[in-house]
Amino acid sequence: MKELRIGIIGTGMISNRHMTVWSNIPGTKVVAGCDIDEAKVKAWGERYGIPEENLYVDFREMLKRDDLDAIDVCVHNNLHTPVSVAVMKAGYPCYCEKPMAASYADAKIIYDCAKATGQKLAVQISSIYNLQTRYAKKMIEEGKLGKIYHARSVGHRREGRPGFDMPMFSRDFIKKDIGVHGPLCDLGIYHLAQMLYIMGMPELDTVYGVSYADYYQDPRLLPDGLTYDVEDLSVGIAKFKNGVSLDIYEDWAMHMDEVGTSFIAGSMGGIKLIDVDTTGGDLAVPKGGRIMGGGEAQKPTLEFFGYEDGLKTSKIINCQENGRKEAQLDPRMALYNDNQVHWAAYLRGDLDDSTRIDSPFIAMETALLSDAIFVSQALNRSVTGDEVREMSKSIALHKQETPWGVIEYDF
Ligand SMILES: NC(=O)c1ccc[n+]([C@@H]2O[C@H](COP(=O)([O-])OP(=O)(O)OC[C@H]3O[C@@H](n4cnc5c(N)ncnc54)[C@H](O)[C@@H]3O)[C@@H](O)[C@H]2O)c1
């Protein structure tokens, strides 16, 4: 098997999770890295044994190498479009962190660039490369839930604003120019994408949405000159052209203990999605360590409610154990359980456009749904999906100040 040689752009927090996963995938190796912050990229190189000559502060220099097969983009939200486009235009396959982009227009620019350049693009959405998601989708496809009519997408943290309540996370999450939006574009992306994918990517009809930034922000928790200027709660109700509705609730700070879980309701059964995967599963857990940000690896599970043999039933479907056995019986199934494994298999030709999960399309349609909530809020009325496709604006950065100069982006 030919080794896949990867270069990483952005050596911040999430790059460490990617490094753990790459180190757990045979035949893949990260050989180069770049960060605009020289001290940061040097420390990162030392941590992972990457020699200094393979470390860069300007990713455009890294892209001039002739020994890289693919690029992993780990910069923050509003740089995904400019950097991913630059990567693909330079002739590389691209793996981009979530959210694909903060607006539908920017997500579409990345999507169209992949089509125009023919480069193999994937977007990190751990919740869709996942046994919980696969079994939920299978149950719907097999008709176990009957006619689906309503679903709920939920995410809640009592006090978990990255970079604010959780100082180990990048402050870029809470800055409008770079993070752009609050929880809906953070964990919300995992929940929305999972719902859309499980329900077979229904076409968006109408959305009504509101967002708030009203949870108290203690000014002493931000250093001088920094602001917290994104939302802390977004709520919406979406209707799809097939008649199904989805209510959306996503906060990362709310004076409330719990707000329930995501679910899908059908005429013959309902499923509850417990512990949706937002951290990347077993391969993302460092040996002997804990998942990034602390805590144990998640254990995504499904609970089914309905009738079986005429008897009212509630039962837990143990996704992890079933998945392990499934992959033992058919090793190809393991290709569907992790983002990076899936992309590496796609790059090698073990998966193709007909057998891979089309994360760029799923991520772009997810961006349409999240953008619709913000467009609806701005217009103070419901909006149609078609309107949002027309009205969505590119807000990604065209120019970036760095410690060593300005990068101008062309997209
Ligand atoms: N931190 C998490 O737990 C987490 C989880 C899942 C997804 N993500 C996503 O990953 C992305 C990055 O998040 P993070 O937490 O790692 O942020 P971070 O701020 O820790 O890391 C981003 C890094 O990119 C560098 N950078 C910025 N512009 C660059 C450029 N032009 N070239 C090279 N490097 C550049 C920054 O200096 C920084 O070190 C975000 O889009 C986020 O939504 C983060």
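This is a guided tour of one predicted model, stop by stop.

Local features here need pLDDT of at least 70, and side-chain atom pairs count only at pLDDT 80 or more, while totals for chains, interfaces and linings use all residues. For your selections, residues are numbered from 1 along each chain as its sequence is written.

**Whole chain**

Start with everything shown as cartoon. You should find 11 helices and 17 strands; these are DSSP runs numbered from the N terminus, with helices (H or I) of at least four residues and strands (E) of at least two. The C-alpha trace spans about 70 × 50 × 40 Å along its principal axes. The radius of gyration is 21 Å, which agrees with the value near 22 Å for a compact globule of 411 residues. That radius is taken over C-alpha atoms, and the globule rule is 2.2 Å times the number of residues to the power 0.38.

Of the 411 residues, 48% count as buried. Buried means 20 or more other C-beta atoms within 10 Å of the residue's own; 12 or fewer is exposed, in between is partly exposed, and C-beta atoms are placed from the backbone.

**Two domains**

Next, colour 4-125 as domain 1 and 127-337 + 353-361 as domain 2. The bounds come from an automatic or database domain assignment. The two C-alpha centres lie 24 Å apart. Where they meet, domain 1 puts in 19 residues and domain 2 puts in 21; a contact here is two C-beta atoms, placed from the backbone, within 7 Å.

Which elements of domain 1 should you select on that side? Helix H1 (13-23), H5 and strand E6 (121-123) each supply at least two residues. H1 gives the most, with five. By type, the side of domain 1 that touches domain 2 has 10 nonpolar, seven polar and two charged residues. Ala, Val, Leu, Ile, Met, Phe, Trp, Tyr, Cys and Pro count as nonpolar, Asp, Glu, Lys and Arg as charged, and the others, Gly among them, as polar.

**The ligand**

Now select the ligand and its shell. It has 27 residues around it, the closest being Gly10, Gly12, Met13, Ile14 and Ser170; near means a C-beta atom, placed from the backbone, within 6 Å. The shell holds 13 nonpolar, eight polar and six charged residues. Domain 1 and domain 2 each lend at least three residues to this shell.

**Strand E11**

Select 262-266, which is strand E11: four of its five residues are buried. Its antiparallel partner E7 is joined to it by four bridges, and His150 stands opposite Ala265 of E11. E11 also pairs with E12, again antiparallel and over four bridges. Pairing requires at least two DSSP bridges between the strands. Ala265 faces Gly270 in E12, and a hairpin of two residues links E11 to E12.

**Three backbone oddities**

- Go to Lys98 and Pro99: the peptide bond between them is cis, with omega near -10 degrees. Pro99 sits in the loop between strand E5 (94-96) and helix H5 (104-117).
- Val180 has phi near 70 degrees, a positive value in a residue other than glycine. Look for it in the loop between strand E7 (148-155) and helix H7 (187-198). Is Val180 buried or exposed? Buried, because 23 C-beta neighbours lie inside 10 Å.
- Asp275 is not a glycine either, yet its phi is positive at about 60 degrees. Its loop runs between strand E12 (269-274) and strand E13 (301-308). Asp275 is partly exposed, with 14 other C-beta atoms within 10 Å.
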